[in-house]
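Reader: I am new to this structure and would love a close look at one part of it. Could you pick a spot, walk me through it, and then show me what else is worth finding?

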Amino acid sequence: MQIGVIGLGRMGGAIARRLMRGGHSCVVYDRSAEAVAAVAGHGASGAADLADLVAQLSPPRIFWVMLPAGAPTEETIEALAARMEPGDLLIDGGNSFYKDDIRRAAALKARGLNYVDVGTSGGVWGLDRGYCMMVGGEPEMLALIDPILATLAPGLGDIPRTRRKPDAGKTAELGYIHAGPPGAGHFVKMVHNGIEYGLMQAYAEGFDILKNKSAEVLPPGERFALNLTDIAEVWRRGSVVSSWLLDLIAQALADDAGLAGFTGSVADSGESRWTIEAAIEEAVPADVLAASLFARFRSREEHTFGERLLSAMRFGFGGHVEAPPAG
């Protein structure tokens, strides 16, 4: 299939490259000419601007926008919509707020334009591992872009298969689902990120406790100089708490047991805040998720070993660099 990809950052460029590996044709655009040239070097057709990108695509056109949530995405969608024709499809694969998706889908539908939101997880590893995708939109649009989703998804891989009922969704075990109507994809991804915060915080606090077992406040006979690198590695092997996050922890500690390259100032993307807001709207208790978000706020004032580990995990899966000091 032919698809236009707008936004060639950490994930957008890799998405375009994975699509081309799967035999799709990509026209790409980014404000950075260097980013366009880099992806064009892998076989994409580069566009000088949005108008050029639209002109290079054959109707009905498919656009995949992969930009930061907020103004960059909003402004780009408005500019694209002005150039789109009835029957064209716009996909927002970033981390937009799901209520914005509901509004956009309705506005575009009134003009004969189609809209799909795709909550995309996979970070900087998605090019080779594939992306987990949670999709919101009309069923006929999902059918249209299924070849694109199937290419981007990880597929069955070597993960043991769950015993599922015969009528269970066929694509979930491949790595993508139709979550529901417009907005549902980003809503599910929003909660996914909230859970991610909680999991990361649990690991960070646990390793902080392990590290401080040698603290002088403890009686001498109760102090242990624990090898955190080995603990992380052994927990990867058959432990109940094994996970990809633990894999990243083990590698970070193997590279530098003291995590000297991280200060522990941990940013938040905004999705966890939206998850807490949803919990409040639904009157659902979310103690762990809320505490993990507040811990990130505090991390920008003083830093612990656990917070350096949080930074190491974020860098490991998403290439996220630490937030600059406040002030």
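Author: Let's start with a polar contact: a polar atom in the side chain of K170 lies 2.9 Å from the backbone oxygen of P166. Keep in mind as we go that this is a predicted model. You can find K170 in the loop that runs between α7 and β8 (176-180). Its relative accessible area is 59%, so K170 counts as exposed, the cut-off for that being over 50%.

Helix α7 leads us inward. This helix spans residues 139-152 and gives six residues to the largest nonpolar core, which is the largest share of that core. The core has 34 residues, and the members that touch the most others are C26, V28, W64 and M133. If you zoom in on C26 and set aside its neighbours within four places in sequence, you will see contacts with I3, V5, A16, L19, M20, A44 and S45. There is also a second, separate core, this one of 23 residues, with Y203, A204, A252 and L309 among them. In soluble globular proteins, nonpolar side chains tend to be buried together.

Now come back out to the surface for a nonpolar group there. V234, W235, V240 and V241 make up a surface patch, and together they have about 390 Å² of accessible area. Within this patch, V241 sits in the loop between α9 (228-235) and α10 (244-255). V241 is partly exposed, because its relative accessibility is 38%, and that class runs between 20% and 50%.

Conventions. Residues are numbered from 1 along each chain as its sequence is written. This is a predicted model: local features need pLDDT of at least 70, side-chain atom pairs count only at pLDDT 80 or more; totals for chains, interfaces and linings use all residues. Side-chain values use heavy atoms; hydrogens and water are left out. A nonpolar core is a set of buried Ala, Val, Leu, Ile, Met, Phe, Trp, Tyr and Cys residues joined through side-chain atoms within 4.5 Å. Buried means under 20% relative accessible area, exposed over 50%, partly exposed in between (1.4 Å probe, protein chains only). Helices (H or I, at least four residues) and strands (E, at least two) are DSSP runs, numbered from the N terminus. Contact means heavy atoms within 4.5 Å. Patches are made of residues with over 30% relative accessible area and no salt bridge: like charges are joined within 9 Å, nonpolar side chains (Val, Leu, Ile, Met, Phe, Trp, Tyr) within 5 Å. Accessible areas come from the Shrake-Rupley method with a 1.4 Å probe; for residues, only the protein chains shown count as cover. A salt bridge is a side-chain nitrogen of Lys or Arg within 4 Å of a carboxyl oxygen of Asp or Glu. A polar contact is a pair of N or O atoms within 3.5 Å; within protein, one must be able to donate a hydrogen and the other to accept it, and residues adjacent in sequence count only if both atoms are side-chain atoms.
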